[in-house]
Amino acid sequence: ENDPKIVKDIPVFQRMFVSFKGLMEGLLSGCRSMICIDGSFMKTFLGGCLLATIGMDGNNQMFLIAWAIVEGENNDS
């Protein structure tokens, strides 16, 4: 009866995934085959977590692949 995803029959934002075509092409053409995922908690009244997926390019530099804003670090997100 008490679903945390719905407040008074109003849908609540849960998660958003962002990646651009150029980032995916860069991953496939110039990055090494190692991908790291890291998360950071957002300390606002809304809460949530910012997740980032990072690869390494040919110059040993970090290469952003994608990022997501999620409700928390869990299997669903």
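Contact here means heavy atoms within 4.5 Å.

**View 1. Surroundings of D57 in the predicted model.** D57 lies in strand β5, which spans residues 49-57. Leaving aside neighbours within four places in sequence, D57 is in contact with G30, C31, R32 and F63. The side chain of D57 also reaches the backbone nitrogen of Q61, at 2.8 Å.

**View 2. D57 as a buried charge without a salt bridge.** D57 is buried, yet no salt bridge is formed by this residue. The nearest side chain of opposite charge belongs to R32 and is 6.9 Å away. A salt bridge would require a side-chain nitrogen of Lys or Arg within 4 Å of a carboxyl oxygen of Asp or Glu, so the 6.9 Å separation of D57 and R32 does not qualify.

**View 3. The two faces of strand β5.** Side chains alternate along β5. C49, L51, T53, G55 and D57 point to one face and are buried. L50, A52, I54 and M56 point to the other face and are not buried.

**View 4. Pairing of β5 with strand β4.** Strand β4, residues 31-41, runs antiparallel to β5, and eight bridges join the two. Within this part of the model, D38 has A52 of β5 as its bridge partner.

**View 5. Pairing of β5 with strand β6 and the hairpin between them.** β5 and β6 (residues 62-70) are antiparallel and are joined by eight bridges. The bridge partner of C49 in β6 is V70. Four residues lie between the strands of this hairpin, and N60 takes a positive phi near 60°.

Terms used: Residues are numbered from 1 along each chain as its sequence is written. This is a predicted model: local features need pLDDT of at least 70, side-chain atom pairs count only at pLDDT 80 or more; totals for chains, interfaces and linings use all residues. Side-chain values use heavy atoms; hydrogens and water are left out. Buried means under 20% relative accessible area, exposed over 50%, partly exposed in between (1.4 Å probe, protein chains only). Lys and Arg count as positive and Asp and Glu as negative; His and the chain ends are not counted. A polar contact is a pair of N or O atoms within 3.5 Å; within protein, one must be able to donate a hydrogen and the other to accept it, and residues adjacent in sequence count only if both atoms are side-chain atoms. Two strands pair if DSSP finds at least two bridges between them.
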